[in-house]
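Trainee: Could you take me through one part of this model up close? I'd like to hear about a helix, what it packs against and what leads into it.

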Amino acid sequence: AAIGALGLLNGSFALFVIGALFTGVYMSAQGFYRFAATDTASDGYKPKAISYVMAGGLLSAVIGPQLVKVTAESMVVPFLGTYFGVIVLNLVGMWLFAFLDIPRPVAAPRGTPREGRSRLQLLREPVIAVAIICATVSYALMNLVMTSTPLAVVGCGFQTSHAADIVSAHVLAMYAPSFFTGHLIARFGVEKIIAAGLVILAGSGAVALSGVELEHFFIALILLGIGWNFGFIGGTTMLARSHTQAERGTIQGVNDAIVFGGVTLASISSGQLMNCSGSNVETGWQLVNVAMLPFLVLAGGALIWLALRPRAA
């Protein structure tokens with residue numbers, strides 16, 4: 001944030017981009033908070049711990065935009081005040097972590113052979129493979145559709161304020177279910193909640209394809225948020241239950257590299273799909289939603305294969 005602020009002060013786009021690069025590093029670490037919450041949790045409480053951490057996103061969705069409104073024009077240089085606000089928030093957060101007491105795992109003596117399976121062995125584990133597939137599909141499809149939504153809303157003749165309201169409803173739908181997703185996983189099982197998430201994502205695509213009125217956008221994006229919540233939290237929970245303590249650093253890193261690599265590709269693909277039809281926004285929007293189908297089939301097929309596998313064995 002300080003580098004970004006310095007870039008704004010000096011009118012240097014290069015410095016501003018470097019600040020954004022470090023923000024990305026920061027966000028990659030922030031993604032591991034959901035795993036850290038499970039370090040001292042019992043198996044039964046893990047899904048609830050993950051769910052509560054993800055619920056923090058709901059507060060972010062409310063506080064973040066308000067912070068921008070208050071600080072964006074608070075100084076002569078636009079958005080400079082916002083970056084100063086980000087610096088203050090992180091200094092406060094640093095003290096919160098300083099007083100957080102999580103017991104450290106006992107370090108292995110020097111010269112002790114490495115414990116746990118290799119990355120390739122872990123990825124060959126059926127439960128881990130399915131967990132990563134479902135989490136990646138859920139997050140990537142959410143990003144694919146959400147990225148195109150403002151363009152589609154405005155392109156279909158509505159105001160930018162309508163697009164903002166639709167995205168706000170979507171973000172609330174992403175994080176509000178987190179207060180009970182963990183309880184649902186504990187009650188019905190993680191596989192059923194992931195399956196429900198995939199069905200809801202499919203429902204989102206079906207609504208989006210059925211029309212381009214405001215109500216279609218609102219309903220589709222709300223369903224998209226709920227489906228992401230169930231699929232991503234479910235996939236994270238499944239992964240957290242499928243490795244040993246010695247393997248957690250390895251597989252959690254691989255998981256996030258795959259998941260957010262998929263998100264990046266989805267974000268790039270979203271614009272390409274919207275543009276491939278030229279100026280016909282409705283056709284581009286339809287292509288974005290049709291593109292969800294093969295990936296939902298992949299994730300759903302993987303989940304069914306996992307459910308049937310013990311019987312076949």
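Mentor: Sure, here's a walk through α4, its partner helix and the loop before it. Keep in mind that this is a predicted model. Across the chain the mean pLDDT is 89, with 94% of residues at 70 or more. Our helix is the weak spot there: confidence in the chain is lowest in α4, at a mean of 82, whereas helix α10 (residues 190-209) has the highest, at 96.

Start just upstream, in the loop that links α3 (33-36) to α4 (46-71), which is where you'll find T38. With a relative accessible area of 7%, T38 falls under the 20% cut-off, so this threonine counts as buried. Leaving aside residues up to four places away in sequence, T38 touches K46 and I50. Going by the helix limits, K46 is where α4 begins.

Now for the packing. The axes of α4 and helix α8 (residues 160-175) come within 8 Å of each other, crossing at roughly 155°. Anything over 145 degrees counts as roughly antiparallel, so that's how α4 runs relative to α8. As for handedness, the α4 and α8 crossing is left-handed.

Who actually meets whom? On the α4 side it's M54, A55, G57, L58 and A61, and on the α8 side V171, L172 and Y175. Sorted by class, this contact between α4 and α8 has seven nonpolar residues, one polar and no charged ones. The polar one is G57, because Gly is classed as polar here.

Technical notes
Residues numbered from 1 in each chain as written. Predicted model: local features only at pLDDT ≥ 70, side-chain atom pairs only at ≥ 80, totals over all residues. Heavy atoms only, no water. Helix = DSSP H or I, 4+ residues; strand = E, 2+ residues; numbered from the N terminus. Buried < 20%, exposed > 50% of the residue type's maximum accessible area, 1.4 Å probe, protein only. Contact = heavy atoms within 4.5 Å. pLDDT = per-residue confidence, 0-100. Axes fitted to C-alpha atoms, helices over the stretch in contact; angles between N-to-C directions. Parallel < 35°, antiparallel > 145°, perpendicular 65-115°, else oblique. Left-handed = near helix turned anticlockwise from the far one by under 90°.
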